[in-house]
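Biologist: Please take a close look at a single part of this complex, the part the predictor is unsure of in one chain, and set it in context for me.

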Amino acid sequence: MAESVCRSLRDGALEGELAPTLTIKDSLASPFGFNVFSHILVQLSSQIVAGKSQSQGIMIVALSRSPSSYIDLLKTSGVDVESSKKWIHILDCYTDPLGWKDKRRKSGDITDPSNQILSSYKTVKDVNKLFSVICDLGRGLVGESKSRFCVAIDSLSELLRHSSVQSVASLLSNLRSHEQISCIFGLLHSDLHEERAVAVVEYTSSMVASVDPFHHSVDGQGSYLGNSSRQNLTKGKFNVRCKRRNGRVRVTCEEFRVEPSGISFAPVSSVDGAAVAVAGLIPKVQFNLQLSEKERVDRSRVVLPFEHQGNGKPIQIYDGRRSLEDSKNEATPISGGKKEDSGRGEIIYYRDSDDEMLDSDEDPDDDLDI
Amino acid sequence: MATTGTRVSSFSPNLSSVKSSQHPGLKNGPNGTTFISSGISDLDKILGGGFTLGSLVMIMEDAEAPHHMLLLRNFMSQGLLHRQPLLYSSPSKDPRGFLGTLPSPGSSKDDIAREPSHEKDLRIAWQYKKYFGEPQLNINSNNGGQHDYCNDLDLRKPLERHFFTSNNVNCVSIQNSPNLDVLKDRCAEFLAQFSRNEGGSSSAGRIAIQSFCSPQCKYSDMEWHMLSFIRSLKGMARSSNVVIVVTFPPSLLSPSCSKRLQHMADTLLSVRAIPDEDKELAKLLTGYQDMVGLLNVHKVARLNTQVPVILEATTFSIKLQKRRYLVFECLNQAPVDGSGGSSYGNSDGCSRSTKAGSLDF
């Protein structure tokens, strides 16, 4: 649930525990990850300004969008960016991430003192430096004391583009274990990376929110191009997997709709096949108390041996002696042991002592009255 | 109604009566092997006595749940209670911090509640004791907590500091090492103290390696390096009186590397998360409310013999009794249609194995 996700980010980290980390995952089939990201950003920022959250400041690491777009976004959503108490800082890794402009001008990557909110960062490939810059600026934002700040990473995909999976994983885990960081959230485009990279990011986060289309098609491109209904392009499913402290995973599903004003969430309307593959977790138990239709029909057709068969013929209980008529019709030779008659489903038992002359007194079956 | 104890087959060998007199932490096993406790009595029963000395135990983690930490905590704590030296390695900056979360033996009054409650009419039978004349040994006494083979460890009670401030705990952080050579050297050094050539299994040691291929480690993409490390570790372990427990997340490795690591294990366990508040699962399993996860036993170590262990059941539920004691129980399931659907890749059914059946004996 988007509400509960925002709430866990707002509540932040407990003492001695890792900070809650949210990864918003989207793909080409449903590319609304940024809408969710900005929704959460706006919610968290308004709570920070109102003083309702654990964190007292937010650091935005802007890699895929310009810092000014964030300032505009927050302003249009009614969040006071220019307030007297500094609560937001944007690390600009967008304008010049690799320091190409500087190669001509030879200026360093220090913060621009005139602009309180913005600092530029020019060495995105050096993830260790990024970590220390985030920590220093964050500490500058909220002070040295026990107060915390949260970190929003615009695009983990951009980070993964510039540096290895291992360094991004170590950045995330260092951020999570930093005592002044309250929560972290970041955006990831899952189809831009190898499965392992996505798995690593999911491993290091405590909540994974994936933005999915309503119906997954086999070919990701097909659903994008062949989608006739315009409605489906702005709606989709919001699936969240939260790792709880006791080791269980809370799986929730909601529908979202993208509107010009933002994104809205609603509980799942249709009773779709929301069944998670739960039965696959536990072993299959091999007994079944129900009969299928075919099994019921077959059961009614079984001919029980000692029963009035009701077809007029005298009942013959086969006891190993073969009657004369049968021996004429029999094509195959007698074999000792059991033989199954494939036509009628009977088991015909040939007694080993077949050639012995049977004493009629001693045959116990003779006095059975059927 | 969920059963409170694990099902013990009438054919399981009764090893509990065979105790090693030399050391309370060791127990003689079949075929000349020795067992040490895993710290969880249910797991010891499932494995037929405990972890075999000289074996490599691998635990496959689930990316979504920290249950492997529970297993590790009990393992490490049990070793410290028996004064068995411990080497612990983790990808965090300060592994010593983890020692503060190790559980301590629970107090005896909690333990009594684990026994099934006796009804009034059995009291008559108890009085026969006075006619026998022998003193009845109370096997479950917690008087000398350290002298039990396996203690009931209370996860909420931290272990007293004197157990791990002494020299028998070494911690290694593998976060910043570029490769595994440092860890390999530390392990070799540790294992040299327990070499079997010197005769007499008087002491045993434990090595716990947590989250072995954690993605923040610099060597985490060097798969062949990691595989050769584990192989050499296993070789060193065979000739020492040590049990090595390694946990790793298989979903973060390539499938072939993960399979190779699984094959290298002598004892292979995996833990899995379960969804929270899932109505389907609640209908299928009794006792779902108390469960926190699932444990699968894929392989059980059998050294010095060719006879494999065939378990009655390989999937167990992980429960925290009274939120303190870790127990594993057999699953009590409602009958389901056995023909539909396919099982999870890693799980093994009670009677039928799936495509992971190559690891099943």
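Modeller: Over residues 134–146 of chain B, pLDDT (the predictor's confidence in each residue, from 0 to 100) stays under 50. For this stretch the model has 15 contacts beyond four places in sequence, a contact being heavy atoms within 4.5 Å. This is a predicted model, in which local features need pLDDT of at least 70 and side-chain atom pairs count only at pLDDT 80 or more, while totals for chains, interfaces and linings use all residues. Residues are numbered from 1 along each chain as its sequence is written, chains are lettered from A and ligands numbered from 1 in the order in which they are written, and side-chain values use heavy atoms, with hydrogens and water left out.

Chain B has another such stretch, residues 110–123, where pLDDT also stays under 50 and the model has 13 contacts beyond four places in sequence. For chain B the mean pLDDT is 77, and 73% of its residues reach 70 or more.

Elsewhere in chain B, Gly106(B) sits in the loop between strand 6 (103–105) and helix 4 (108–112); helices (H or I, at least four residues) and strands (E, at least two) are DSSP runs, numbered from the N terminus. Gly106(B) counts as buried because its relative accessibility is 9%, where buried means under 20% relative accessible area, exposed over 50% and partly exposed in between (1.4 Å probe, protein chains only). Its C-alpha atom is separated by 4.8 Å from that of Asp154(B), 48 residues apart along the chain.

For the complex, the predictor gives an ipTM of 0.76 and a pTM of 0.74.
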